[in-house]
Amino acid sequence: MSTYLDQLNPAQKSAVLATEGPVMVIAGAGSGKTRVLTYRIAYLMERGVDSFNILSLTFTNKAAREMKERIARLVGDSEARNLWMGTFHSVFARILRAEGHHLGYPSNFTIYDTEDARKVITNLIKEMNLDKEIYKPKTVQNRISAFKNNLITPKIYDRREELIAQDSAAKMPLMGSLYTAYLDRCFRSGAMDFDDLLLKTNELLAKFPAVLAKYQDRFKYIMVDEYQDTNHSQYIIVKALASRFENVCVVGDDAQSIYSFRGANIQNILNFNRDYPEANIYKLEQNYRSSQHIVKAANSIIAHNQDQLQKKVWTSNEEGELITVFKAISDYEESNYVSEQIFEWSQRNQWHYGNFSILYRTNAQSRSFEDALRRRNIPYRIYGGLSFYQRKEVKDVLAYFRLALNNNDEEAFRRVVNLPKRGIGDTTLDRLNVLAQENRVSLFEVAENAILSSQAGIQAATCKRLADFCAAIRSYAVEIEKRDAFSAADYVVRGSGLLREMEEDKTPEGASRVQNVEELLNAIQDFADGQLQIEDGDPSLSNFVQDIALITDADNSGEDDGKKVALMTVHLAKGLEFPCVFVVGMEESLFPSMMAMNTRTELEEERRLFYVALTRAEKKAFLTYAHSRFRWGKTIDCEPSRFIDEIDEQHLDLQIPDFNPFSDETFLPYSGSGFGKGSSARFQKKLNKSEPPKTVDKPTIPPVKGMRPLSSSDAIPSYERGQGLKEVVKGMRVQHARFGTGTVTFVEGEGPNAKATIQFDHGEEKKLLMKFAKLKTV
DNA sequence: ATTTTACAAATTTTT
DNA sequence: TTTGTAAAAT
């Protein structure tokens with residue numbers, strides 16, 4: 001029998017063995033819930049359940065991938081392959097591609113990301129002649145999102161007087177029509193936004209009993225991770241799919257619910273018990289991750305919340321280090337302190353930099369830490385923020401692909417119709433739009449039909465330009481059909497003149513845009529290569545474009561980011577763990593955020609967020625805050641976060657210098673601090689009249705001998721790195737980031753457009769375009 | 001139609 | 001600080 005079951009504690013084991021019927025697992029932080037989920041699935045398969053019948057919903061695609069790998073190690077690769085595993089959004093996007101035709105969607109519908117959706121709304125507000133100061137696109141978008149996540153269709157909205165009253169009170173009586181218009185516009189564009197992926201799934205399952213039955217039969221066993229962060233829409237999907245076999249297992253921790261702003265509903269955990277009164281409930285309370293001090297400190301924080309399920313998280317781990325609380329003079333000094341501590345701890349404990357993470361409340365805080373780490377030559381990687389696929393130039397390129405694949409994609413059309421400039425401006429676009437709305441067709445269709453267009457007062461010359469543009473898009477569609485993903489993408493990027501325009505821009509920004517586009521083409525090639533290695537993979541450009549909106553930064557685990565300090569928001573850190581964690585910016589109105597201090601519920605969510613942050617740490621945690629911080633273009637004074645006071649003091653090591661400006665020895669409890677800029681620097685100068693301020697570009701800590709020298713590229717995201725070799729000759733030995741080393745056997749063409757055939761040492765032969773291959777000599 | 005210039009506003013977290 | 005938008009000039 002399975003030996004892996006012996007690695008579980010009694011509570012974990014019961015949760016794994018209870019395969020039949022509804023199960024809820026309340027899993028405290030670090031209590032091994034991933035292990036339970038993995039073993040549970042492995043155990044099911046060992047008992048003869050077909051992997052095809054198991055659906056496992058995770059919070060990130062990365063979590064899904066990792067879990068799949070772990071299961072594959074237990075039961076074998078081929079067995080694990082057919083598991084349905086992924087985020088709600090990606091799993092149901094896949095189902096909607098197969099079944100969406102029931103609802104009138106094409107299988108290649110576009111997924112609008114938040115930016116696309118916001119632009120649609122902005123345009124609608126403009127079209128309807130509404131005041132955008134009152135109808136703020138962002139507010140409207142959030143409101144619509146809330147409707148969708150609660151399954152409130154326009155029809156239901158019209159019947160819900162309290163909702164209408166709310167919108168009237170907010171001076172937005174036309175919210176209902178705006179909502180209807182938005183749905184209509186997305187539908188006609190053949191597009192779904194993130195919320196639609198769930199809403200339409202619900203619609204599909206509710207309206208088509210045969211489809212529901214099909215997936216109920218398929219998903220005999222359903223598992224949901226991070227259940228506390230599911231919203232109503234997701235809850236209903238799970239309920240519908242599980243209602244036949246009721247083999248549903250949800251895993252969650254109410255203390256880690258941090259996504260209510262996205263519609264997540266802790267009530268789902270309580271509802272579970274109500275829906276399935278006979279459900280087995282297991283509590284995992286032993287923490288295997290963190291030291292005594294960290295676990296107890298975290299417990300003392302969460303105790304301040306009123307709304308919570310009873311549970312007592314404990315650990316048998318060693319007592320560990322106290323949590324260091326550090327007060328810095330400025331945000332500049334804070335980041336300097338953090339980078340210094342990272343350096344010292346890595347030296348003292350021989351920890352590589354991958355053991356450290358810096359967690360902050362807002363993405364904007366990352367900047368100063370980047371600077372500080374760079375000054376010390378410490379490699380780091382930033383997660384989140386503006387992801388690669390959200391960059392303007394990347395989205396522009398993708399919009400060409402999108403439009404070629406789905407002519408109705410209105411956002412893509414608007415984005416590229418005049419990019420590069422081809423004399424089709426706002427006036428023309430407005431006229432096209434009038435026609436499109438009158439005839440209820442897409443902008444593309446109107447633009448393509450020059451005769452129709454000329455009626456609307458569009459000049460003949462402009463009509464010609466429109467026709468040319470549409471013809472070009474059509475031809476791209478043909479090329480995409482004919483070619484492999486990379487060469488099709490390359491064709492479009494060149495043919496459209498996008499790349500040429502970027503190359504003509506000689507500013508550093510222009511150069512970096514070109515590099516990003518090249519990186520995108522690289523990614524497309526990698527994708528196609530990867531798909532070819534999978535049995536039933538689809539290497540087409542269409543497949544690449546389809547789910548790109550669902551890829552998040554957390555999903556991209558670069559091969560080499562294992563030894564880098566991780567910088568991310570606390571939200572993004574959920575589910576991760578690090579030996580040493582810095583929670584920075586522990587100040588009132590930053591953490592807790594100013595926006596979330598108004599009600600008790602909001603504040604409690606911030607507190608849970610802090611709980612999540614602290615419980616990421618295994619061995620050592622630092623909490624830092626600054627006395628003054630550069631924000632909104634000026635320096636402001638800060639108060640330490642109330643959360644620090646809420647921690648049981650016996651777990652803390654307070655490093656809070658006396659700030660009396662007239663005592664001169666106490667304010668820097670550590671060596672090697674750089675001095676700030678701006679007002680804080682002036683402040684410090686006053687303090688030490690005798691001592692001239694040190695300069696920042698000379699870190700006082702000398703590099704230690706014997707340490708791996710850090711190349712500068714370590715700290716730079718890969719897509720900002722320089723290009724590789726420009727030219728190769730036959731017989732040359734080269735190295736490729738992905739394929740390893742090999743020998744050049746043939747070169748055709750010249751310069752950057754040369755194509756090299758390379759015999760790689762692992763046996764494969766590849767043709768690579770010099771321009772993008774980024775080869776190195778060996 | 002497009003480019004330049006000036007000025008104002010805004011800053012939470014994400015699939 | 002950066003970002004976007006509006007008005008004015010080409």
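A polar contact here is a pair of N or O atoms within 3.5 Å; within protein, one must be able to donate a hydrogen and the other to accept it, and residues adjacent in sequence count only if both atoms are side-chain atoms. This is a predicted model, in which local features need pLDDT of at least 70 and side-chain atom pairs count only at pLDDT 80 or more, while totals for chains, interfaces and linings use all residues. Residues are numbered from 1 along each chain as its sequence is written, chains are lettered from A and ligands numbered from 1 in the order in which they are written, and side-chain values use heavy atoms, with hydrogens and water left out.

Select G423 and DNA strand B. A polar backbone atom of G423 lies 3.2 Å from a phosphate oxygen of the strand. Add N418, which has a polar side-chain atom 3.2 Å from a phosphate oxygen of DNA strand B. Then add K421, where an N or O atom of the side chain is 3.4 Å from a phosphate oxygen of DNA strand B.

Next, show every residue near DNA strand B (a heavy atom within 4 Å of it). There are 21 of them, and the closest are R361, N363, T427, T552 and W632. Of the atoms of DNA strand B that come within 4 Å of the protein, 48% belong to sugar and phosphate.

Now move to helix α16 (residues 331-349) and helix α17 (residues 366-375). Helices are DSSP runs of H or I with at least four residues, numbered from the N terminus. The axes of α16 and α17 are 8 Å apart, at an angle of about 45°. Axes are lines fitted to C-alpha atoms, for helices over the stretch in contact, and angles run from 0 to 180 degrees between N-to-C directions.

Methods: Helices (H or I, at least four residues) and strands (E, at least two) are DSSP runs, numbered from the N terminus.
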